[in-house]
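These are my notebook entries on aromatic contacts, backbone angles and surface charge. I record what I looked up, in the order in which I looked.

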Amino acid sequence: MAKDAGILIQNIMELLVQEPDGLEFAEIVEQLSRVQDVGSERGVRNLLNRLAKEGKLIRRKGWSTKPGAQPYIYCHPKTQPRQLEIPGIKEYRIHTKTEFEIGELNQEERQQQQKAVSVLESIASGHLHQESYARAIIEAAPKLAAENPVELVVGMARWVVDDLNTLAAEIERKLKRGALDESKKMAVKLDSQLGWAKRYFQEFWKLYDRVEELPGILELPSQAKRFRLYGETAKLDEKKAREQLKKRIFGDRLIQEQLLPTDLHKSAAGTDASVADLFLEHTAGSFIPPDPVIVPCSAAALVTNSKNGFTDEYQDFDIFPDKLREYDDHTAAVNGLVLSATLARNFVEESNLQHTRKAAMDLRQYLQDFRIATKQADWRPMGDSPELGTKNRPKLIMRDGRIFPLVHRLRDYETGGLYGQIVRSEIEIFQQVFHNTLLGSGLDTVYGAAVKNPGMSWLAPLVFWYLYSNKSPVDGRVAVSNAEEVYQYPFADTAVSHLLFLGVAKNASNFSPERLFITCRVLRRFSDIALEAEEMSPIISQGDEIRRVRENTLKDWKEFIEQHIAKKRKHYQSNNLDIDDYESFIYLCSKVGVSMCYAAPTSAYEFLSRNSSVSAHFLLPRLEVAINMERLESDREHEQECLDGLLSWLAAGHIELDRSHTQSGFDTGNQEHSLPILVPDVIVRAHEAATFTRDKLGEEVQDKIRALIAELRKRLEKGR
């Protein structure tokens, strides 16, 4: 049997090496059948997919003139462009945006994602009895779905306040009994839980703390010792909490089923970005090490719906813009084009260099978004017969990665030198993209994103608190019996949302692509992430009084920044920026927000709801859509319209399992059962465009790389 398989593999490889354009599965089976007995077609398909996973074959989407899903093409690696075999480059390393997302995760979120992947794989392998957390979520989902999310957050905040105060009182009792060591351990625990409560309720949900004489919504002592030394306690104003959360949460159910229109968009564009680290070779015998050159790149894909029932694809990329030669090293870096070896050496701190790479990459992607929004994209057809007359400006733009900039803090914006200039360029072009999508007469382009590795879970803590407070049973035992499992919830949102939808699906009867499971939506402003934790509720001084900034008022934000600048100068902190230099930052704080949720077509769960097959499980990205906060103030329906504009693309069947960027990249040890992420199809296409080597663009890209090498060599020689 093994011998027959070896012969079959040899014949497949020999067949494909003679076909530069690759072959479809049916074509491979047909040609192989002429020379040997191939057995079952399913066995051949499994073998081809295995060879592709091992890197011995290349598997990609092909083209078809027939309606329906496009077939896969299998190619021999020798027939495809090789980006590493470019004269003048010693090494060529591509870092994707997904890698940057994973690198930004804190240890807690990383562990939650790892465990979630492991649990879902265990479920798929039939060890469901060992995974009580997952079963508890699935079984509680139908009842939990109907809960009001505002009341859930208020109820959880009330429980946290009581729990913190109870723990503080217990520490005091231990101290009175002389149990010093035990009370110290409990104080460390209390500090940890206080820190988590501040991040989750105050920073994310914006249940802000007291500021001097201004009362807060959720008031928490800064440290555990303040409970005892100053008699402070945790306090919650439930009325104000509800008022605040109603501004931040959309939807009166945690999960709902919604029927979406499927004809809102004739086309949609996806964008992605990456960073290429090039190490240029020197002449033979040179003792000088290869010079590193950092090249941020972006790319886009356009998917259109044809009248004859199938889709066409186009690509646009800015790998190495022709304008590069017009810039000196510094200007090229500020524009996110290239960071040369000479400039790279000026970054003494490694962290600054890493943040600069992220900011430059993000800048390139925002420029790509801007090109699409302003009809400047040069769409190149993929395939033999693309649809003619496609509109150059789609009404839906979707980013791979979050909408907000990767580097976004006010302190980064104010940094001096090249790093600060790149960050300010990134923020400015993001503001221009927003202005050209959601503002202005007749624009109203939906600006969305799919975040595969969210850095903050907001849904999972709610779910685990619900399981704990309701003593949800599994096999006669309480699944979440320890309060610490609420503060240290085991799974991330990407898995919890999937388990909730699966639980709801088990009681569903109407499965269709147009009907989606959707969580409640959560609003987050740019200002929420732009300011430091101590300024989470920004204030303005007016004489002897202070007041909170009115978030949608441009004038208030300008006054806040003016006082911020004055305070820095008073304390002799370096700041070379004037108020006019903050124009883009102030604009974003007052006008820009995103609505985020988790969603998936009900049809994706039809099979899985009846059979926990390993091949059917998947994870969900956080979906985001940009919101005009100024318009939202007077038109609450604005958020729903933007979200429907994004979700309608999914409802129209434009959704795929992304297997190239799964969270099993954390390595659970079972690549055969890796868990893909369910994303909009344009996200997958954009990533394919950003890998530089797709089909007919391969030679063109290599030509640009060679031209860039020649240009960089000239600059390096001038610099010595």
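Entry 1, aromatic pairs. I looked up the ring contacts and found 25 aromatic pairs in the structure. I took rings of Phe, Tyr and Trp (its six-membered ring) as paired if their centres lie within 6.5 Å, with planes under 30 degrees apart counted as stacked, over 60 as edge-to-face and the rest as tilted. For Trp 196 and Phe 201, the ring centres are 5.9 Å apart and the planes stand at 90°, so I entered the pair as edge-to-face. Both Trp 196 and Phe 201 are buried; the classes are buried under 20% relative accessible area, exposed over 50% and partly exposed in between (1.4 Å probe, protein chains only).

I then turned to Phe 526 and Phe 585, an edge-to-face pair with 5.6 Å from centre to centre and 75° between the planes. This pair links distant parts of the chain, 59 residues apart: Phe 526 belongs to helix α19 (residues 526–530) and Phe 585 to helix α21 (residues 583–591). Phe 526 and Phe 585 are both buried. Helices (H or I, at least four residues) and strands (E, at least two) are DSSP runs, numbered from the N terminus.

Entry 2, conditions. I note that the model is predicted: local features need pLDDT of at least 70, side-chain atom pairs count only at pLDDT 80 or more, and totals for chains, interfaces and linings use all residues. Residues are numbered from 1 along each chain as its sequence is written, and side-chain values use heavy atoms, with hydrogens and water left out.

Entry 3, ring cluster. I found a cluster linked by ring pairs, with Trp 159, Trp 196, Tyr 200, Phe 201 and Trp 458 among its members.

Entry 4, the loop between α8 and β5. Lys 206 is found in this loop, and its phi is positive, near 60°. Lys 206 is buried, with a relative accessible area of 4%. Glu 212 has its place in the loop as well and has a positive phi near 50°. I entered Glu 212 as exposed, at a relative accessible area of 56%. For context, most residues other than glycine have a negative phi.

Entry 5, surface charge. Which residues form a negative surface patch? I found Glu 212, Glu 213, Asp 544 and Glu 545. Patch residues have over 30% relative accessible area and no salt bridge (a side-chain nitrogen of Lys or Arg within 4 Å of a carboxyl oxygen of Asp or Glu), and like charges are joined within 9 Å. Glu 213 lies in the loop between α8 (180–204) and β5 (218–219) and is partly exposed, with a relative accessible area of 47%.

Notes: Areas by Shrake-Rupley, 256 points an atom, 1.4 Å probe, with all protein chains shown as cover. Lys, Arg positive; Asp, Glu negative; His and termini not counted. Charge placed at Lys NZ, Arg CZ, Asp CG, Glu CD.
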